Amino acid sequence: MATPLDSPITFTNVSKAKWWQSGLFASQTGYVLLALIALVVVMNFASPYFLTEGNIQNVAKNFSFIAIATLGVTFVIITGGIDLSVGSVMCFSAMITSMVMTHISTPGMPGADWFVHLADDGKTVIANLPGLILLVSILAGLGVALIVGLVNGFCIAVLGLSPFVTTLGMLSIVRGLGYVVSNGRGSFPSGPEASYFYTLTSGVVFGMPAPFIYLVVLAVAMAVVLHHTSFGRHVFAIGGNEKAAALTGISVVRVKIEIYVICALAAGLQGIIICGWLGSAPANMATSYELNVIAAAVIGGANLAGGAGGPLGAIVGCVLLEVIRNGLVLAQVNSYWQQTLVGVIIIAAVLVDRLRSRMA
Amino acid sequence: MVTPHDAGLAVLELKGIGKEFGAIRALHGVDLRVSPGEVVGLMGDNGAGKSTLVKIIAGNFPPSHGEIRFDGKPVHFARPIDARAIGIEVVYQDLALADNLTAAANVFLGRELTRKVGPFALLDHKAMAARALELFGELRSETRPHDLVKQMSGGQRQAVAIARTRLSNAKLVMMDEPTAAISVRQVEQVLSLIHRLKEQGVAVMLISHRMPDVFAVCDRVVVMRRGEKRADKAIGDTSPEEVTSLITGAKEAA
């Protein structure tokens, strides 16, 4: 049905945006990244220890401990939502994983004989099928995260409750459940497969901490999903104009439930990894981590009003927070200053973005 | 001269459409025919039943009485998506665009082109940008597919919203107050967009309060008042004065 064009379309009235006015360079992520590089250079001169291999590994490991959850929260923030329950979910998933592992590794416990048997000496516990205990306990931890995500998504997308209130409630519910199932006591992963668990969560692969490798893989996957799939496009569209997204036939309810599930699963995985690093899952683990996670996402350019954000920003935000923490320690500044400085940076990053969009 | 209207090839035909909301009679006995390539202005004061009629045609809710025929066949819509599937598109007053996405992304929103990469279906950015540029070309709009909608003028935004309807080769496009909130120069652009749709044989229903716009682009004007169709006249046989008196009720029917 196309009519032939009289002449090819020209753009005499519409100028093209300059390269530095579009894409990464014009985004908050871009100049927070610049700020981070500047900070690294300054730190390098300020402390000879900063760029040593040991310290870099340390930083990489530490920021990986919140970065995976930050990726998940970034999904939610892009749609204009918020998830305050991530800290509680981290703890609950970690706790369930370690409790399930301990339970099914103890001969005599109900159901445990499917997984383990005693060796001939009557003391050594041997797994029936290597890897099964590990798999089941991690799936149990992720399973409870999945349920929390489904409930969050159902309340927000189907019942239409506000994300803030729903996930604030869930923060309390899940933390409470954690205390209920553990009776307030921490638990630690034990049994014949606990050593695999520690290797997987806090081991070193090719000279890099294992959590860092998971983070990179997940971040790349997230970038592809956000920018190269219909689902990612719909996530951005819902954050930009939810009504428009619905009018064009996007299933807003489904996408929203999916992102809250993704967020909860990311938090659950993060919790399980932290548990491996700590060697236990205390009942007060990851308390108030949701604030660090959201702060990192926001510093990295995720817009709480929705419509902007990405994995690079999430990671840059986490790295910036960790480099500041690490830098203050190396510079022997009283570590209580840390929180104050983080707060200043959150406001500064958002302020600079506001000034820039006013000037544009 | 035989206009498409006389020739009897209606794309949309309404017979005795009525709608009640509880005790309120919003529409009563509306007959209407729209032919391909015809631009029909739908006018009426607030509460006259214009938007109820548009919503019935768009599939937002079913009529209480009467029959809708599209392309000669009777149709029933359960949801707006059913109406869209057979070729009825609505350009909403607030345009329903996502500001944070590019023009091409908005045009293809909800029906993205994908290509298979292994087991995954990834977006085909190149094909979507090329098709969007083609559509903007047809509409003579200087709009770049990769520009963000939030950086665009009102006229460009209209072009994006209208390009979306062209994507599916809609046979009937209903535009709700497209010229209500934009500058004079942009109004010109929008009216020329309507001309482009007409050239390509698309039937357009223009819902507008702006008399000059209706008289500039429409072939026919339909006036609604108190839920009934009071007039249906070729634009050459009427005048803004007559239409105004029909809208206000100073003249009962024509």
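**Exercise 1. In β10(B), which residue is the bridge partner of Leu42(B)? Place the pair in its sheet.**

Step 1. Leu42(B) has Ile207(B) in β10(B) as its bridge partner. Helices (H or I, at least four residues) and strands (E, at least two) are DSSP runs, numbered from the N terminus.

Step 2. Four bridges link β3 (residues 39–44) of chain B with β10 (residues 203–207) of chain B, and these strands run parallel. Two strands pair if DSSP finds at least two bridges between them.

Step 3. Now the whole sheet. Six strands of chain B form an open sheet with mixed pairing, in the order β6-β9-β10-β3-β11-β12. Its edge strands are β6 (88–91) and β12 (228–234) of chain B, each pairing on one side only. From one strand to the next, the twist averages 20 degrees.

A note on the source. This is a predicted model, in which local features need pLDDT of at least 70, side-chain atom pairs count only at pLDDT 80 or more, and totals for chains, interfaces and linings use all residues. Residues are numbered from 1 along each chain as its sequence is written, while chains are lettered from A and ligands numbered from 1 in the order in which they are written.

**Exercise 2. Which strands of chain B does helix α7 lie across, and which does α9 lie across?**

Step 1. Take α7 (residues 184–199) of chain B. Helix α7(B) lies across β3, β9 (172–176) and β10 of chain B, at about 150 degrees to β10(B). Axes are lines fitted to C-alpha atoms, for helices over the stretch in contact, and angles run from 0 to 180 degrees between N-to-C directions.

Step 2. Take α9 (residues 240–248) of chain B. Helix α9(B) lies across β3, β11 (220–225) and β12 of chain B, at about 25 degrees to β11(B).

**Exercise 3. At what angle do the axes of α3 and α11 of chain A cross? Classify the crossing and list the contact.**

Step 1. The axes of α3 (residues 86–104) and α11 (residues 289–299) of chain A come within 6 Å and cross at roughly 125 degrees.

Step 2. That angle makes α3(A) oblique to α11(A). Angles under 35 degrees count as roughly parallel, over 145 as roughly antiparallel, 65 to 115 as roughly perpendicular and the rest as oblique.

Step 3. Val86(A), Gly87(A) and Met90(A) of α3(A) meet Tyr289(A), Glu290(A) and Val293(A) of α11(A). Residues are in contact if their C-beta atoms, placed from the backbone, lie within 7 Å.

Step 4. Beyond four places in sequence, the contacts of Met90(A) include Ala69(A), Ala267(A), Ile274(A) and Tyr289(A).

**Exercise 4. How many residues of chain B are in contact with chain A?**

Step 1. On chain B, 24 residues contact 27 residues of chain A.

Step 2. β8 (120–123) and α5 (125–138) of chain B each supply at least two residues of the chain B side. α5(B) gives the most, with four residues.

**Exercise 5. Where does Gln332(A) lie, and where is Asp71(B)? Give the phi and exposure of each.**

Step 1. Gln332(A) lies in the loop between α12 (311–330) and α13 (337–359) of chain A. Its phi is positive, about 60 degrees, although Gln332(A) is not a glycine. Gln332(A) is exposed, because 8 other C-beta atoms lie within 10 Å. The cut-offs are 20 or more for buried, 12 or fewer for exposed, and in between for partly exposed, counting other C-beta atoms within 10 Å, placed from the backbone.

Step 2. Asp71(B) is in the loop between β4 (65–70) and β5 (73–74) of chain B. Asp71(B), also not a glycine, has a positive phi of about 55 degrees. With 15 other C-beta atoms within 10 Å, Asp71(B) is partly exposed.

Conventions. Contact = placed C-beta atoms within 7 Å.
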